[in-house]
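This briefing covers one protein chain and takes its features topic by topic. Please have the sequence and the 3D view open while reading.

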Amino acid sequence: MERGECRIGGRTYVLKAVGPEDRDAVIGLFHRVFAETPPAGWWQWKYSPEGLGGRAMGLWDEDGNLLAHNGGIPRTLLWRDREVSAIQIGDLMVAPQARGLFTRHGAFFQVSRFFFKHWVGADKPYAVCFGFTHERAMRLGVTLGLYQQVGTLDRLVLPARSGQRSWVWKIRQIRPSTADFDTLANRAWQAMRGQNRKGILGVRDARHIRSRYAARPAVDYSYFQISRRWPGPSAIAVVRNEGDSLKWLDFVGPLDLLRTTQNAMQRLAYAAGLAQVEFVASPEALAGLCSAGLLHREKVSATALITASACPDESLAGSAWWMAGDTDFL
(Lines give C-alpha, C1' and ligand atoms only; values in the text may rest on other atoms or scores of the structure.)
Protein backbone atom coordinates (compact mmCIF):
# COMPACT_ATOMS: atom_id res chain seq x y z
CA MET A 1 0.00 0.00 0.00
CA GLU A 2 1.51 3.34 -1.08
CA ARG A 3 0.43 5.14 2.08
CA GLY A 4 1.71 5.21 5.65
CA GLU A 5 2.44 7.32 8.70
CA CYS A 6 5.56 8.26 10.62
CA ARG A 7 6.39 10.11 13.82
CA ILE A 8 8.91 12.96 13.88
CA GLY A 9 9.45 15.05 17.00
CA GLY A 10 6.26 13.81 18.60
CA ARG A 11 4.06 14.70 15.62
CA THR A 12 2.40 12.41 13.10
CA TYR A 13 3.01 12.83 9.38
CA VAL A 14 1.40 11.11 6.39
CA LEU A 15 3.49 9.43 3.71
CA LYS A 16 1.83 8.63 0.40
CA ALA A 17 2.32 8.42 -3.34
CA VAL A 18 1.92 11.76 -5.12
CA GLY A 19 -0.85 11.84 -7.71
CA PRO A 20 -2.37 14.28 -10.22
CA GLU A 21 -4.49 15.81 -7.46
CA ASP A 22 -1.27 16.91 -5.75
CA ARG A 23 0.17 18.80 -8.71
CA ASP A 24 -0.43 22.27 -7.29
CA ALA A 25 1.06 21.27 -3.93
CA VAL A 26 4.21 19.97 -5.67
CA ILE A 27 4.57 23.14 -7.74
CA GLY A 28 4.08 25.23 -4.60
CA LEU A 29 6.78 23.27 -2.76
CA PHE A 30 9.10 23.63 -5.76
CA HIS A 31 8.65 27.40 -5.56
CA ARG A 32 9.34 27.51 -1.82
CA VAL A 33 12.48 25.40 -2.14
CA PHE A 34 14.01 26.81 -5.32
CA ALA A 35 12.51 30.33 -5.27
CA GLU A 36 11.13 29.90 -8.77
CA THR A 37 8.08 28.39 -10.40
CA PRO A 38 8.51 25.65 -13.00
CA PRO A 39 7.11 26.42 -16.47
CA ALA A 40 3.60 25.51 -17.53
CA GLY A 41 3.41 21.85 -18.42
CA TRP A 42 6.40 20.88 -16.25
CA TRP A 43 4.49 18.53 -13.96
CA GLN A 44 2.70 16.82 -16.85
CA TRP A 45 5.97 16.36 -18.73
CA LYS A 46 7.70 14.75 -15.76
CA TYR A 47 5.02 12.93 -13.83
CA SER A 48 2.04 12.14 -16.06
CA PRO A 49 1.72 8.78 -17.86
CA GLU A 50 1.72 10.71 -21.14
CA GLY A 51 5.07 12.30 -20.22
CA LEU A 52 8.15 10.73 -18.64
CA GLY A 53 5.96 8.75 -16.25
CA GLY A 54 7.72 9.84 -13.08
CA ARG A 55 6.78 8.61 -9.62
CA ALA A 56 6.94 10.47 -6.36
CA MET A 57 6.34 10.09 -2.64
CA GLY A 58 5.34 12.97 -0.38
CA LEU A 59 5.25 13.74 3.33
CA TRP A 60 2.30 15.79 4.61
CA ASP A 61 1.74 17.33 8.02
CA GLU A 62 -1.45 17.05 10.07
CA ASP A 63 -2.87 20.14 8.34
CA GLY A 64 -2.44 18.63 4.86
CA ASN A 65 0.62 20.69 3.87
CA LEU A 66 3.20 19.00 1.64
CA LEU A 67 6.54 19.27 3.47
CA ALA A 68 8.79 16.85 1.59
CA HIS A 69 8.85 15.29 -1.87
CA ASN A 70 11.02 12.62 -3.46
CA GLY A 71 10.48 12.11 -7.19
CA GLY A 72 12.03 9.79 -9.72
CA ILE A 73 12.02 9.34 -13.48
CA PRO A 74 12.01 5.80 -14.94
CA ARG A 75 15.07 5.09 -17.06
CA THR A 76 16.11 1.92 -18.86
CA LEU A 77 19.79 1.18 -18.33
CA LEU A 78 21.87 -0.99 -20.59
CA TRP A 79 23.85 -2.92 -18.00
CA ARG A 80 26.62 -4.82 -19.78
CA ASP A 81 24.26 -5.36 -22.72
CA ARG A 82 21.32 -6.34 -20.52
CA GLU A 83 18.35 -3.98 -20.19
CA VAL A 84 17.56 -3.14 -16.56
CA SER A 85 14.57 -1.20 -15.26
CA ALA A 86 15.80 1.76 -13.21
CA ILE A 87 14.54 4.99 -11.71
CA GLN A 88 16.54 8.19 -11.39
CA ILE A 89 16.02 10.36 -8.31
CA GLY A 90 15.09 14.00 -8.88
CA ASP A 91 13.02 16.78 -7.30
CA LEU A 92 14.09 15.87 -3.79
CA MET A 93 12.60 18.80 -1.85
CA VAL A 94 12.06 19.66 1.80
CA ALA A 95 10.12 22.82 2.72
CA PRO A 96 12.21 25.50 4.47
CA GLN A 97 10.09 25.31 7.63
CA ALA A 98 10.67 21.54 7.81
CA ARG A 99 14.46 21.54 7.44
CA GLY A 100 14.72 21.22 11.19
CA LEU A 101 13.35 17.74 10.52
CA PHE A 102 16.67 16.82 8.86
CA THR A 103 17.36 14.58 11.84
CA ARG A 104 18.49 11.02 11.54
CA HIS A 105 14.88 9.95 11.10
CA GLY A 106 13.52 13.26 9.82
CA ALA A 107 11.66 14.35 6.69
CA PHE A 108 14.46 13.59 4.21
CA PHE A 109 14.97 10.11 5.62
CA GLN A 110 11.28 9.25 5.91
CA VAL A 111 10.20 10.29 2.42
CA SER A 112 13.28 8.71 0.82
CA ARG A 113 12.99 5.40 2.67
CA PHE A 114 9.28 5.18 1.85
CA PHE A 115 10.03 5.77 -1.85
CA PHE A 116 12.74 3.10 -1.95
CA LYS A 117 10.71 0.61 0.11
CA HIS A 118 7.82 0.60 -2.34
CA TRP A 119 9.52 0.92 -5.70
CA VAL A 120 13.19 -0.15 -5.59
CA GLY A 121 14.84 -3.55 -5.34
CA ALA A 122 14.37 -7.19 -6.26
CA ASP A 123 10.79 -7.96 -7.29
CA LYS A 124 9.94 -4.23 -7.26
CA PRO A 125 9.09 -2.08 -10.32
CA TYR A 126 12.66 -0.77 -10.51
CA ALA A 127 15.66 -2.96 -9.78
CA VAL A 128 18.09 -0.04 -9.64
CA CYS A 129 17.79 3.50 -8.32
CA PHE A 130 20.46 6.14 -8.85
CA GLY A 131 20.88 9.90 -8.92
CA PHE A 132 23.22 12.88 -9.08
CA THR A 133 23.54 15.17 -6.11
CA HIS A 134 25.72 17.71 -4.33
CA GLU A 135 28.19 16.75 -1.62
CA ARG A 136 26.01 17.75 1.36
CA ALA A 137 23.06 15.61 0.27
CA MET A 138 25.43 12.76 -0.57
CA ARG A 139 27.01 12.85 2.87
CA LEU A 140 23.58 12.83 4.52
CA GLY A 141 22.36 9.97 2.34
CA VAL A 142 25.46 7.90 3.10
CA THR A 143 25.21 8.64 6.84
CA LEU A 144 21.58 7.49 6.84
CA GLY A 145 22.43 4.32 4.95
CA LEU A 146 20.34 5.32 1.93
CA TYR A 147 23.08 6.07 -0.62
CA GLN A 148 26.40 4.72 -1.76
CA GLN A 149 28.67 7.12 -3.64
CA VAL A 150 29.84 5.47 -6.85
CA GLY A 151 31.30 8.27 -8.94
CA THR A 152 31.54 11.92 -9.83
CA LEU A 153 30.74 14.20 -12.74
CA ASP A 154 33.01 16.95 -14.02
CA ARG A 155 32.16 20.13 -15.91
CA LEU A 156 34.62 21.09 -18.64
CA VAL A 157 34.86 24.27 -20.68
CA LEU A 158 36.67 24.33 -24.02
CA PRO A 159 37.14 27.29 -26.38
CA ALA A 160 35.15 27.68 -29.56
CA ARG A 161 37.46 26.94 -32.45
CA SER A 162 37.52 27.90 -36.09
CA GLY A 163 38.55 25.36 -38.65
CA GLN A 164 38.64 24.66 -42.33
CA ARG A 165 35.81 22.76 -43.86
CA SER A 166 36.40 19.03 -43.52
CA TRP A 167 36.32 16.92 -46.65
CA VAL A 168 35.72 13.84 -44.49
CA TRP A 169 33.10 14.94 -41.97
CA LYS A 170 29.92 16.98 -42.25
CA ILE A 171 27.50 18.34 -39.68
CA ARG A 172 23.87 19.12 -40.35
CA GLN A 173 21.01 20.19 -38.15
CA ILE A 174 18.13 17.76 -37.86
CA ARG A 175 14.78 18.24 -36.13
CA PRO A 176 12.24 15.92 -34.53
CA SER A 177 9.93 16.88 -37.39
CA THR A 178 12.48 15.63 -39.94
CA ALA A 179 11.12 12.55 -41.71
CA ASP A 180 14.15 10.40 -40.94
CA PHE A 181 14.79 11.68 -37.39
CA ASP A 182 13.76 8.45 -35.63
CA THR A 183 15.68 6.31 -38.12
CA LEU A 184 18.86 8.35 -37.63
CA ALA A 185 18.52 8.36 -33.84
CA ASN A 186 17.85 4.63 -33.57
CA ARG A 187 20.72 3.82 -35.92
CA ALA A 188 23.09 5.98 -33.87
CA TRP A 189 21.88 4.34 -30.67
CA GLN A 190 22.40 0.82 -31.99
CA ALA A 191 25.97 1.72 -32.96
CA MET A 192 26.59 3.18 -29.49
CA ARG A 193 25.10 0.13 -27.82
CA GLY A 194 27.28 -2.14 -29.89
CA GLN A 195 30.45 -0.42 -28.66
CA ASN A 196 29.50 -0.36 -24.97
CA ARG A 197 28.62 -3.94 -24.13
CA LYS A 198 30.83 -4.05 -21.04
CA GLY A 199 29.68 -0.81 -19.39
CA ILE A 200 26.53 0.81 -18.02
CA LEU A 201 24.67 3.27 -20.19
CA GLY A 202 21.25 4.90 -20.25
CA VAL A 203 19.21 3.95 -23.32
CA ARG A 204 19.31 6.77 -25.87
CA ASP A 205 16.97 5.68 -28.65
CA ALA A 206 14.61 7.94 -30.58
CA ARG A 207 11.83 7.47 -28.05
CA HIS A 208 14.10 8.65 -25.23
CA ILE A 209 15.34 11.67 -27.18
CA ARG A 210 11.79 12.73 -28.01
CA SER A 211 10.44 12.34 -24.47
CA ARG A 212 13.50 13.73 -22.69
CA TYR A 213 14.22 16.72 -24.95
CA ALA A 214 11.65 17.39 -27.65
CA ALA A 215 8.69 17.17 -25.25
CA ARG A 216 10.21 19.29 -22.50
CA PRO A 217 8.32 22.56 -22.03
CA ALA A 218 9.98 25.99 -22.18
CA VAL A 219 13.43 24.74 -23.23
CA ASP A 220 14.66 24.69 -26.83
CA TYR A 221 17.22 22.10 -27.85
CA SER A 222 19.01 21.67 -31.16
CA TYR A 223 20.07 18.37 -32.71
CA PHE A 224 23.00 17.84 -35.05
CA GLN A 225 24.08 14.83 -37.05
CA ILE A 226 27.81 14.27 -37.50
CA SER A 227 28.63 11.91 -40.33
CA ARG A 228 31.14 11.10 -43.02
CA ARG A 229 30.60 12.43 -46.52
CA TRP A 230 30.04 8.90 -47.66
CA PRO A 231 27.84 6.15 -46.17
CA GLY A 232 28.86 4.98 -42.72
CA PRO A 233 28.18 5.40 -38.99
CA SER A 234 26.98 8.76 -37.73
CA ALA A 235 26.41 10.43 -34.36
CA ILE A 236 23.85 12.85 -32.95
CA ALA A 237 24.61 15.70 -30.53
CA VAL A 238 21.98 17.49 -28.44
CA VAL A 239 22.84 21.09 -27.53
CA ARG A 240 21.39 24.39 -26.40
CA ASN A 241 22.78 27.91 -26.27
CA GLU A 242 23.16 29.69 -22.94
CA GLY A 243 24.91 33.06 -22.74
CA ASP A 244 28.21 32.83 -24.58
CA SER A 245 28.33 29.03 -24.29
CA LEU A 246 27.20 26.11 -26.37
CA LYS A 247 25.95 23.56 -23.84
CA TRP A 248 26.65 20.09 -25.19
CA LEU A 249 24.15 17.94 -23.32
CA ASP A 250 24.11 14.57 -25.00
CA PHE A 251 25.78 12.28 -27.49
CA VAL A 252 24.34 9.28 -29.31
CA GLY A 253 26.51 7.27 -31.64
CA PRO A 254 29.60 5.08 -31.93
CA LEU A 255 32.02 5.94 -29.14
CA ASP A 256 34.88 6.27 -31.61
CA LEU A 257 33.06 9.34 -33.02
CA LEU A 258 33.02 11.10 -29.66
CA ARG A 259 36.15 13.16 -30.25
CA THR A 260 35.09 13.99 -33.81
CA THR A 261 31.78 15.24 -32.39
CA GLN A 262 33.62 17.31 -29.80
CA ASN A 263 35.63 19.01 -32.56
CA ALA A 264 32.40 19.63 -34.47
CA MET A 265 30.82 21.23 -31.38
CA GLN A 266 33.78 23.63 -31.01
CA ARG A 267 33.49 24.66 -34.65
CA LEU A 268 29.71 24.97 -34.33
CA ALA A 269 30.12 27.30 -31.34
CA TYR A 270 32.59 29.44 -33.28
CA ALA A 271 30.27 29.68 -36.28
CA ALA A 272 27.44 30.80 -33.95
CA GLY A 273 29.59 33.56 -32.47
CA LEU A 274 29.86 31.84 -29.08
CA ALA A 275 33.01 31.82 -26.97
CA GLN A 276 33.06 28.28 -25.63
CA VAL A 277 31.64 24.79 -25.37
CA GLU A 278 30.57 23.40 -21.99
CA PHE A 279 29.80 19.81 -21.15
CA VAL A 280 29.43 17.58 -18.10
CA ALA A 281 30.58 13.99 -18.15
CA SER A 282 31.63 11.02 -16.03
CA PRO A 283 35.23 9.74 -16.20
CA GLU A 284 34.07 6.97 -18.53
CA ALA A 285 32.76 9.50 -21.06
CA LEU A 286 35.74 11.84 -20.59
CA ALA A 287 38.07 9.03 -21.60
CA GLY A 288 36.89 9.44 -25.19
CA LEU A 289 37.30 13.23 -25.27
CA CYS A 290 40.24 15.57 -25.74
CA SER A 291 41.11 18.22 -23.14
CA ALA A 292 43.54 20.19 -25.32
CA GLY A 293 43.09 23.93 -24.73
CA LEU A 294 40.95 23.30 -21.66
CA LEU A 295 39.71 26.56 -20.09
CA HIS A 296 38.16 25.21 -16.92
CA ARG A 297 37.40 21.94 -15.12
CA GLU A 298 35.56 21.31 -11.88
CA LYS A 299 33.69 18.55 -10.11
CA VAL A 300 29.99 19.42 -10.12
CA SER A 301 28.16 16.37 -8.83
CA ALA A 302 28.46 13.08 -7.01
CA THR A 303 26.79 9.94 -8.36
CA ALA A 304 24.67 8.00 -5.89
CA LEU A 305 23.51 4.40 -6.04
CA ILE A 306 20.58 3.79 -3.69
CA THR A 307 21.46 0.93 -1.36
CA ALA A 308 18.06 -0.74 -1.85
CA SER A 309 19.01 -1.44 -5.48
CA ALA A 310 19.27 -4.99 -6.75
CA CYS A 311 22.16 -4.60 -9.19
CA PRO A 312 22.73 -7.39 -11.74
CA ASP A 313 26.37 -7.61 -10.63
CA GLU A 314 28.68 -5.02 -9.09
CA SER A 315 27.73 -1.40 -8.51
CA LEU A 316 27.77 1.53 -10.92
CA ALA A 317 31.25 2.49 -9.74
CA GLY A 318 33.88 2.80 -12.44
CA SER A 319 31.76 1.74 -15.38
CA ALA A 320 28.83 4.12 -15.94
CA TRP A 321 28.77 6.49 -18.95
CA TRP A 322 26.98 9.78 -18.23
CA MET A 323 26.67 13.21 -19.79
CA ALA A 324 24.77 16.33 -18.74
CA GLY A 325 21.57 15.13 -20.40
CA ASP A 326 21.48 12.21 -18.01
CA THR A 327 21.24 14.63 -15.11
CA ASP A 328 19.45 17.75 -16.36
CA PHE A 329 15.88 17.10 -15.25
CA LEU A 330 15.13 20.38 -13.47
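The points below go through cores, a helix, strand pairing, a pocket and selected residues.

The model is predicted. Its largest nonpolar core has 61 residues, and another core, of 46 residues, lies apart from it. Helix α6 turns one face inward and also contributes to the lining of the second largest pocket.

**Nonpolar cores**

- Within the largest nonpolar core, the residues that touch the most other members are W248, F251, M265, F279 and L316.
- Helix α5, spanning residues 181–194, gives the most to this core, with six residues.
- M265 is in contact with I171, I226, A237, V239, L246, W248 and V277, leaving aside neighbours within four places in sequence.
- The separate core of 46 residues includes A56, I87, V94 and F116.

**Helix α6**

- Helix α6 covers residues 206–214, and its buried residues are A206, H208, I209, R212 and Y213.
- These buried residues line one face of α6, because they fall within an arc of 155° when seen down the helix axis.
- In general, residues three or four places apart in an α-helix point the same way, because the helix has 3.6 residues a turn.
- Two helices, α2 (42–47) and α5, are among the elements against which the buried residues of α6 pack.
- The strands in that packing are β4 (66–79), β10 (222–228), β11 (234–242) and β12 (245–252).

**Second largest pocket**

- The second largest pocket holds about 400 Å³ of space.
- It is lined by 14 residues, and those closest to its centre are P74, T76, R207, H208 and S211.
- β4 and α6 are the elements that give two or more residues to this lining.
- H208 therefore appears twice in this account: it is one of the buried residues of α6, and it is among the lining residues closest to the pocket centre.

**Pairing of strand β7**

- Strand β7 (residues 147–159) pairs with strand β14 (residues 296–306) in the antiparallel sense, over 10 bridges.
- In this pairing, R155 stands opposite E298 in β14.
- β7 also pairs with strand β13 (residues 276–281), again in the antiparallel sense, over six bridges.
- Here V157 stands opposite E278 in β13.

**Q266 in helix α7**

- Q266 is placed in helix α7, residues 258–271.
- Its relative accessibility is 2%, so Q266 counts as buried, the cut-off being under 20%.
- Beyond residues up to four places away in sequence, Q266 touches L158, P159, A160, R161 and V277.
- V277 is also among the contacts of M265.

**Positive phi in loops**

- D81 is not a glycine, yet its phi is positive, near 75°.
- D81 lies in the loop between β4 and β5 (82–94), and its relative accessible area of 29% makes it partly exposed.
- D123, also not a glycine, has a positive phi of about 65°.
- The loop between α3 (107–119) and β6 (128–133) holds D123, which is exposed at 83% relative accessible area.

**L255 in the loop between β12 and α7**

- L255 sits in the loop between β12 and α7 and counts as partly exposed, at 22% relative accessibility.
- The C-alpha atoms of L255 and R193 are separated by 9.1 Å, while the two residues are 62 residues apart along the chain.
- Not counting residues up to four places away in sequence, L255 touches M192, Q195, N196 and W321.

Key: Residues numbered from 1 in each chain as written. Predicted model: local features only at pLDDT ≥ 70, side-chain atom pairs only at ≥ 80, totals over all residues. Heavy atoms only, no water. Core = buried A, V, L, I, M, F, W, Y, C linked by side-chain atoms within 4.5 Å. Buried < 20%, exposed > 50% of the residue type's maximum accessible area, 1.4 Å probe, protein only. Helix = DSSP H or I, 4+ residues; strand = E, 2+ residues; numbered from the N terminus. Contact = heavy atoms within 4.5 Å. Arc of directions from axis to C-beta. Pairing = 2+ DSSP bridges. 1 Å grid on protein atoms, 1.4 Å probe; cavity = no way out; pocket = protein on both sides within 12 Å on 5 of 7 lines; lining within 4 Å. Points joined across faces, edges and corners; volume = space filled by probe spheres on them.
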